[in-house]
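Hi everyone, thanks for making time this morning. Please bring the structure up on your screens, and we'll walk through a few spots together.

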Amino acid sequence: MELTTIKSSKTYNSTSILNEKCDVEDLCVSKIFSLKCILILICYILTGGAAFAYPSPEGIQLYQKNVHLSPEHKQKLVEDITRYRNADNLWDVLRDEFSLPHYEESYAVQAKIEWYMNNQDYLLRTASRAAPYLFYISQQVRKRHLPAELVLLPIVESGYNPFSVSNMGASGIWQLMPDTASGLGVKRDWWYDGRRDVIASTRAALNYLAYLQSFFEGNWLLAIAAYNTGEGNVLAAIKRNIRDGRDTDFWSLPVAQETRDYVPSLLALAAIISRPDRYPVYLPPIRNAPYLAQVDVGTQINLKYAAKLAGISNEKLMQLNSGLKGPSTSTSGQYKLVLPIENVEQFTENLARSPLNQQVNWIHYRVKSGDTLFSIAKKFSTSTTDIRKMNHLSKNNVHAGTNLLIPHTGGNLNSDDEYSDNVKELIAASESDKKEVAAAAAKARKSDDILPVIKTKEIAGDYTLQPGDTIYMVRALDTVEKIANRFHIPSKSLRAANQISSNKLKPGKQLLIPTHLKMTAKKSDSESKVKKVQPGDTIYMVRRGDTIEKIARKFRTTASAIRITNLIDNGSLSEGDNIVIPTHLQG
């Protein structure tokens with residue numbers, strides 16, 4: 001069969017777009033941003049608010065923290081669970097809802113189909129990761145009257161890995177850049193990154209895609225290409241083709257090779273799923289009903305403790321609440337915890353009996369020899385300020401035998417030590433908790449198949465993908481040694497991670513750079529390579545509110561350089577830490 005490149009049959013007036021959207025080179029950045037924000041704001045109004053607003057009941061169920069007290073809520077929960085367990089297979093539903101032409105006869109699409117068919121283990125792992133989120137995303141797509149094929153876009157972007165971070169700083173299943181996320185209304189702060197939150201990032205990404213579809217007058221191939229490379233680059237390519245007398249459909253545009261691969265990758269996935277008779281692959285069944293639920297806890301809660309209340313693993317809870325950057329929710333208590341719908345009742349019933357749900361009362365405490373105000377506050381998980389105010393103390397000095405009023409959350413206390421242990425386990429985010437959460441986050445991030453161009457099934461089994469790893473696109477004249485030197489890793493490690501046997505690298509190929517190795521090297525050897533200070537480097541103490549991106553801008557370097565030098569990500573930054581800024585690279 002002869003494979004040919006098929007051009008879009010959709011009528012598309014590129015000259016009109018150039019006239020109406022204006023010349024890229026003459027557009028002021030502020031005008032582009034204003035136009036984008038206005039159109040996206042309209043999308044928000046039509047679809048129910050900003051990216052982090054109160055969630056729609058379509059695709060995800062919302063329960064208040066006291067559902068255990070309401071028989072009506074319990075009945076609703078039973079109905080939701082029954083509906084979920086009896087639902088049809090979502091893949092069959094999506095197959096019927098696909099609406100875009102898939103251009104199966106195109107050489108570019110056929111090449112991607114062949115890759116997926118030869119790497120079905122990748123599709124299986126990716127589909128398994130997508131399972132908790134797919135119904136919610138499909139409902140949000142339907143709500144906006146967008147093509148059903150868009151639910152597959154996170155496979156191309158990130159392999160449906162919410163912890164995926166690109167070498168350019170894009171994050172989450174939709175790979176949103178920091179500035180783009182801010183412009184779309186995605187919340188980011190010390191506790192939370194909405195780009196990693198599947199609920200918030202999906203709303204933002206789909207609103208952005210709806211804007212791009214409107215921008216390109218309904219041409220979805222151009223809109224999808226622009227999601228990858230930006231509408232300015234697509235318009236510039238259209239202008240160039242008009243100037244040269246060439247066609248202006250997607251297949252004819254001189255866009256970057258990454259974008260030329262990006263659109264066919266999505267179309268190939270849709271073609272495979274829509275024609276199981278021609279492309280037999282196994283996809284794990286996903287029910288066409290809400291799997292996720294949000295519970296308004298109403299207070300700060302430690303994630304390890306929340307997982308115990310819900311009866312699920314800490315790793316699973318972090319995967320569903322991937323937007324959280326620390327071991328607990330925000331101190332504001334406004335975060336809605338995401339849980340499997342089948343675990344909501346267990347969580348809420350256990351939460352009702354926990355100290356977190358009891359009102360704060362006061363108890364009398366007699367100061368013992370050796371006590372300090374700080375040690376007392378720590379024992380009862382309160383603050384010295386609250387104790388001083390309640391007891392009208394002007395100083396932190398306390399004397400043995402003094403009676404103090406101490407705030408506590410009630411419960412039967414057999415001893416001070418027992419109460420202290422309960423508080424530590426249920427409320428406080430101790431250092432040991434942080435280490436366990438970090439380990440769970442690393443395990444949740446573990447994925448050796450972020451992009452389909454990486455043949456990760458051949459990677460050594462003892463390698464674990466860690467925060468700080470990089471996806472790098474090969475450039476002209478690149479060699480294995482040059483890339484290894486650039487990222488300060490052994491060339492053997494680069495070859496092992498990507499199964500490279502030849503010195504020849506094809507420009508445009510994407511490589512996994514294992515900048516956070518967990519291989520057979522001794523711990524002492526790996527640690528000796530971390531934070532190696534070179535002449536011209538700077539030692540910087542992390543301050544409150546710092547992120548790697550902020551620090552990079554401050555020192556006019558790149559965030560990836562800081563990550564690579566220190567083997568860290570934003571989730572592992574702590575106030576007071578000393579990190580190395582590779583300012584010698586500026587030279």
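**A walk through the model**

Let's begin with R556, which is found in the loop between α23 and α24. One thing to keep in mind throughout: this is a predicted model. Is R556 buried or exposed? With a relative accessible area of 74%, R556 is exposed. Its backbone also has a feature to look at: phi of R556 is near 55°, a positive value in a residue other than glycine.

Now step along to helix α24. Eight of the eight residues of α24 are buried, so the helix is largely enclosed by the rest of the structure. Among those buried residues are R563 and N566, along with I562 and I564. At the N-terminal end, T558 acts as the cap of α24, with a side-chain oxygen 3.2 Å from the backbone nitrogen of A561. Just after α24 comes L567, with a positive phi of about 55°.

While we're on positive phi values, have a look at Y103 too. Y103 sits in the loop between α4 (90-97) and α5 (107-118), and its phi is near 50°, again positive in a residue other than glycine. At a relative accessible area of 12%, Y103 is buried, since the cut-off for buried is under 20%.

On to the strands. Which residues of β2 point one way, and which the other? L292, Q294 and D296 point one way, A293 and V295 the other. As you may remember, in a regular strand the side chains alternate between the two faces of the sheet. Five of the five residues of β2, residues 292-296, are buried, so this strand is largely enclosed by the rest of the structure. Its neighbour is β3, residues 336-340: five bridges join the two strands, which run antiparallel. If you want one bridge to find on screen, A293 has L339 as its partner in β3.

Next, helix α11, residues 231-244. With 14 residues at 1.5 Å a residue, α11 should span 20 Å, and its end C-alpha atoms are 20 Å apart, which agrees. The buried residues in α11 are E231, V234, L235, A237, I238 and N241. They cover an arc of only 155° around the axis, which puts them on the same side of α11. Just after the helix, G245 takes a positive phi of about 75°.

Now for the aromatics. How many aromatic pairs are there? The count comes to 11. One of them is Y208 with Y227, a tilted pair at 5.7 Å centre to centre and 45° between the planes. This pair links distant parts of the chain, with Y208 in helix α9 (residues 198-215) and Y227 in helix α10 (residues 220-229), 19 residues apart. Y208 counts as buried at 7% relative accessibility, and Y227 is buried at 9%.

A second pair is Y540 with F555: the ring centres are 5.4 Å apart and the planes at 75°, so the pair is edge-to-face. Here Y540 is in strand β8 (residues 538-541) and F555 in the loop between α23 (548-554) and α24 (559-566), 15 residues apart. Y540 is buried, with a relative accessible area of 6%.

Ring pairs also link Y208, Y211, F215, F216 and Y227 into a cluster. And one last ring to find: the charged end of R287 sits over the ring of Y84, 4.9 Å from its centre.

That's my tour. Thanks for listening!

Note on methods:
Residues numbered from 1 in each chain as written. Predicted model: local features only at pLDDT ≥ 70, side-chain atom pairs only at ≥ 80, totals over all residues. Heavy atoms only, no water. Buried < 20%, exposed > 50% of the residue type's maximum accessible area, 1.4 Å probe, protein only. Helix = DSSP H or I, 4+ residues; strand = E, 2+ residues; numbered from the N terminus. Pairing = 2+ DSSP bridges. Expected span 1.5 Å × (residues − 1). Arc of directions from axis to C-beta. Phe/Tyr/Trp six-rings, centres within 6.5 Å; stacked < 30°, edge-to-face > 60°. Lys NZ or Arg CZ within 6 Å of the ring centre and 35° of its normal. Polar contact = N/O pair within 3.5 Å; in protein donor to acceptor, adjacent residues only side chain to side chain.
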